[in-house]
Amino acid sequence: AQPQQQQQQQHGDGIGDSTHAQPQQQQQQQQKKTGKKKQCPDYEQIRQPSVDASVFDISEFQGTWYLTATTEPTLPTFCRCGVNEVYVNKEGGWYQYHNIDYCDHLDKNITIPIKGQLSTDSSSPGKLRENFALFNKTILKLLPNYIFHAQRDKTSGKVERLYTYACLGRLPIEEKFSFNLLTRTHNYTSDEILRAVKSVNATTQGILDISGLRINNASQYADCGFFATI
């Protein structure tokens, strides 16, 4: 069930509170203890049973997704309310999407075209590779973008949340990563988003780099012109 309107108003402004910082603070402390920098994990290290080919079809990736939480380092901090419009071509072995974000300083939406190749591993449909696309063609090396966990609606059985993790290579000298929580609706509270991120970070045993986490809650989307959905 989706959060009620009263909950949205109650938790809508909680982005900057101490709860927001907990996952990344814990991770940074752990990195200081071990002295190790994050590296791009093998897909098998983070893949959950929910995206095994026996229960997940890559066609379920198609459609509209809201960028409810992200650590995307190439996205300016003044751009928010992200939406991904995804098209999957299973027969052709490729997919593409447009990432649309509202950017405050520009006072308009920007659109980033992405294109990639579907997994060639029949048991792991979420093992994708992608990069920026210019005139419908990728111009740089395709980089890992892992769909590593899916959560379904208990009533309909349809996927309502996808968790992705992309390895972006050195930008410019340090390895950078992009953790994303994609949802079919945009009316989640800050608390609900943070609980979801904390849970999946624990499930993957802290392998993911989720520093710099930003969230787009119901109030943020409403401010960008999106209205509550049920």
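Is Asp 57 buried or partly exposed, and what is its relative accessible area? In this predicted model, Asp 57 is partly exposed, at a relative accessible area of 31%. Its side chain meets that of Lys 90 in a salt bridge, with 3.0 Å from N to O. The two residues come from distant parts of the chain, 33 residues apart. Lys 90 belongs to the loop between β2 and β3. Asp 57 belongs to the loop between α3 (43–46) and β1. Lys 90 is also partly exposed, at 46% relative accessibility.

Nine salt bridges occur in the structure. In one of them, the side chains of Arg 80 and Asp 104 meet at 3.0 Å, N to O. Arg 80 lies in strand β2 and Asp 104 in the loop between β3 and β4, so this contact ties together parts that are 24 residues apart in sequence. Arg 80 counts as buried because its relative accessibility is 15%, under the 20% cut-off. Asp 104 is partly exposed, with a relative accessible area of 33%. A network of salt bridges links Arg 80, Asp 104 and Asp 223. A further salt bridge joins Glu 160 to Arg 161, with the closest N and O atoms 3.1 Å apart. Glu 160 is buried at 14% relative accessibility. Arg 161 is buried at 18%.

Strand β2 also takes part in strand pairing. It spans residues 79–89 and is mostly covered, with nine of its eleven residues buried. β1 and β2 run antiparallel and are joined by four bridges. Among these contacts, Gly 63 has Val 86 of β2 as its bridge partner. β2 pairs with β3 over nine bridges, again in the antiparallel sense. Here Val 83 has Ile 100 of β3 as its bridge partner. The hairpin of β2 and β3 has four residues between the strands. In this hairpin, Gly 93 takes a positive phi near 75°.

Positive phi values also occur outside glycine. Most residues other than glycine have a negative phi. Asp 107 departs from this pattern, with phi near 55°. Asp 107 is found in the loop between β3 (94–103) and β4 (108–117). Its relative accessible area is 58%, so Asp 107 is exposed. Gln 205 has a positive phi as well, near 60°. Gln 205 comes just after α4, in the loop between α4 and β10 (214–215). Gln 205 is exposed, with a relative accessible area of 70%.

Helix α4 itself covers residues 190–203 and has 14 residues. From its first C-alpha to its last, α4 reaches 20 Å, close to the 20 Å expected at 1.5 Å a residue. Its buried residues are Ser 190, Ile 193, Leu 194, Ala 196, Val 197, Val 200 and Asn 201. These residues lie on the same side of α4, because they cover an arc of only 160° around the axis. Arg 195 and Ala 202 are exposed on the other side.

Aromatic contacts were also examined. The structure holds nine aromatic pairs. The ring centres of Tyr 66 and Phe 226 are 5.8 Å apart and the ring planes meet at 90°, so the pair is edge-to-face. This pair links distant parts of the chain, 160 residues apart. Tyr 66 sits in strand β1 (residues 63–70), and Phe 226 in the segment after α5 (218–223). Tyr 66 is buried, at 13% relative accessibility. Phe 226 is partly exposed, at 25%. Tyr 87 and Trp 94 form a tilted pair, 5.7 Å centre to centre, with 55° between the planes. Tyr 87 is partly exposed, with a relative accessible area of 38%. Trp 94 is partly exposed at 24%. Phe 61, Tyr 95 and Tyr 97 form one aromatic cluster.

Charged side chains also meet aromatic rings. The charged end of Lys 115 sits over the ring of Trp 94, at 4.5 Å from the ring centre. The charged end of Arg 184 sits over the ring of Trp 65, 3.7 Å from its centre.

Conventions. Residues are numbered from 1 along each chain as its sequence is written. This is a predicted model: local features need pLDDT of at least 70, side-chain atom pairs count only at pLDDT 80 or more; totals for chains, interfaces and linings use all residues. Side-chain values use heavy atoms; hydrogens and water are left out. Rings of Phe, Tyr and Trp (its six-membered ring) pair if their centres lie within 6.5 Å; planes under 30 degrees apart count as stacked, over 60 as edge-to-face and the rest as tilted. Buried means under 20% relative accessible area, exposed over 50%, partly exposed in between (1.4 Å probe, protein chains only). A charge sits over a ring if NZ of Lys or CZ of Arg is within 6 Å of the ring centre and within 35 degrees of the ring normal. The expected span of a helix is 1.5 Å times one less than its number of residues. The arc is that of the directions from the helix axis to the C-beta atoms. Two strands pair if DSSP finds at least two bridges between them. A salt bridge is a side-chain nitrogen of Lys or Arg within 4 Å of a carboxyl oxygen of Asp or Glu.
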